[in-house]
Amino acid sequence: MTFNRFLIWTASCALLLFAPRPSAAQSKAAKEATDQEVLKRNEECNAAELRGDIKAMDDCETDDFTHTHANGEVEYKKGYLEGVGSGAHKFLALDLSDLHVRSYGDSAIVEGHLHLRADNSGKIADVQNILITVWVKQQGKWREASWIAIGAPKANPAVSENR
């Protein structure tokens, strides 16, 4: 190793060792900002779904997006967008509450409660679900990779003694 390379290596190591690192408060603030960004995008995408705006929905979803209904039916992006575009799935209300975000860099999970009213080919559904969505950041934009709904319990079950 030449002397110049040794100096560059030494300087690089020193920078890595002594460079300021973000404080816990800065990291927490960055995470909170990310969580808010994901929630805002989630709201925009749900509004597009309510409007039946296929172009906006397409931009909201990853190419390999999956939509898992509470009845277990799984639709992939193309079929799901076709259903919304044709009017087979028309959302009348999509009310979210109790939302919680867990972000991990370029991915995030949003969980919460969903009250959904929809007209599915003339059949009105009015359901209460637990919702889990998975978000990933692609080309600088948050996109939904998976939407999973499960039926919410009718009443809060008693806490098990074995928990």
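1. What pLDDT does the protein chain average, and what share of the residues score at least 70? This is a predicted model, and the average over the protein chain is a pLDDT of 85, with 79% of the residues scoring at least 70. Confidence is not spread evenly along the protein chain: helix α1 (residues 3-18) has the lowest mean, at 55, whereas helix α3 (residues 54-60) has the highest, at 97. Over residues 158-163 the pLDDT stays under 50, and for this stretch the model has zero contacts beyond four places in sequence. I would ask that the placement of helix α1, with its mean of 55, be read with this confidence in mind.

2. On the overall architecture, the protein chain comprises four helices and six strands, and these follow one another along the sequence in the pattern α-α-α-β-β-α-β-β-β-β. Of the 163 residues in the protein chain, 29% are buried. When contacts between residues at least 6 apart in sequence are considered, 48% of them join residues that are at least 24 apart.

3. The next point concerns the disulfide. A search of the whole structure returns one disulfide, which joins C45 to C60 with an S to S distance of 2.1 Å. The torsion about the S-S bond of C45 and C60 is about -95 degrees, and the disulfide is therefore left-handed. Because C45 belongs to helix α2 and C60 to helix α3, the pair ties together parts that are 15 residues apart in sequence. Both C45 and C60 are buried.

4. The two cysteines appear again in the description of internal space. The structure holds one cavity of 30 Å³ or more, and the space in the largest cavity amounts to about 40 Å³. Its lining is made up of C45, N46, E49, M57, C60, E61 and E144, and the elements that give two or more residues to this lining are α2 (24-51) and α3. Helix α2 gives the most to the lining of the largest cavity, with three residues. By residue class, the lining of the largest cavity divides into three nonpolar, one polar and three charged residues, so a colleague who wants to examine the charged part may begin from the list that includes E49, E61 and E144.5. The largest pocket is a separate feature, with a volume of about 390 Å³. Which residues lie nearest the centre of the largest pocket? The lining comprises 17 residues, and of these H69, N71, L116, N120 and A125 lie nearest the centre. Two or more lining residues come from each of β3 (89-103), β4 (107-120), β5 (123-138) and β6 (141-151), and β5 gives the most, with five residues. The lining of the largest pocket divides into nine nonpolar, six polar and two charged residues.

6. Is H67 buried or exposed? H67 is placed in strand β1 (residues 61-68), and its relative accessible area is 2%, under the 20% limit, which means that H67 counts as buried. With its neighbours within four places in sequence left aside, H67 is in contact with E49, E73, V74, E75, Y80 and W147. One of these partners, E49, also belongs to the lining of the largest cavity.

7. Two backbone torsions deserve a comment. D98, a residue other than glycine, has a positive phi near 55 degrees, and this residue lies in strand β3. D98 has a relative accessible area of 59%, and because exposed means over 50%, D98 is classed as exposed. S121 is likewise not a glycine and has a positive phi of about 55 degrees, but S121 is found in the loop between β4 and β5. The relative accessibility of S121 is 63%, and S121 therefore counts as exposed.

8. To bring the points together, the disulfide between C45 and C60 involves two residues that also line the largest cavity, and helix α3, to which C60 belongs, is the helix where confidence is highest, at a mean of 97. The largest pocket, by contrast, takes two or more lining residues from each of the strands β3, β4, β5 and β6. The stretch in which pLDDT stays under 50, residues 158-163, has zero contacts beyond four places in sequence in the model.

Notes:
Residues are numbered from 1 along each chain as its sequence is written. This is a predicted model: local features need pLDDT of at least 70, side-chain atom pairs count only at pLDDT 80 or more; totals for chains, interfaces and linings use all residues. Side-chain values use heavy atoms; hydrogens and water are left out. On a 1 Å grid over the protein atoms alone, a cavity is a set of points where a 1.4 Å probe fits but cannot get out, and a pocket is an open set with protein on both sides within 12 Å along at least five of seven lines; lining residues have an atom within 4 Å of a point. Grid points are joined across faces, edges and corners, and a volume is the space filled by probe spheres set on the points. Ala, Val, Leu, Ile, Met, Phe, Trp, Tyr, Cys and Pro count as nonpolar, Asp, Glu, Lys and Arg as charged, and the others, Gly among them, as polar. pLDDT is the predictor's confidence in each residue, from 0 to 100. Contact means heavy atoms within 4.5 Å. Buried means under 20% relative accessible area, exposed over 50%, partly exposed in between (1.4 Å probe, protein chains only). A disulfide is a pair of cysteine sulfur atoms within 2.5 Å.
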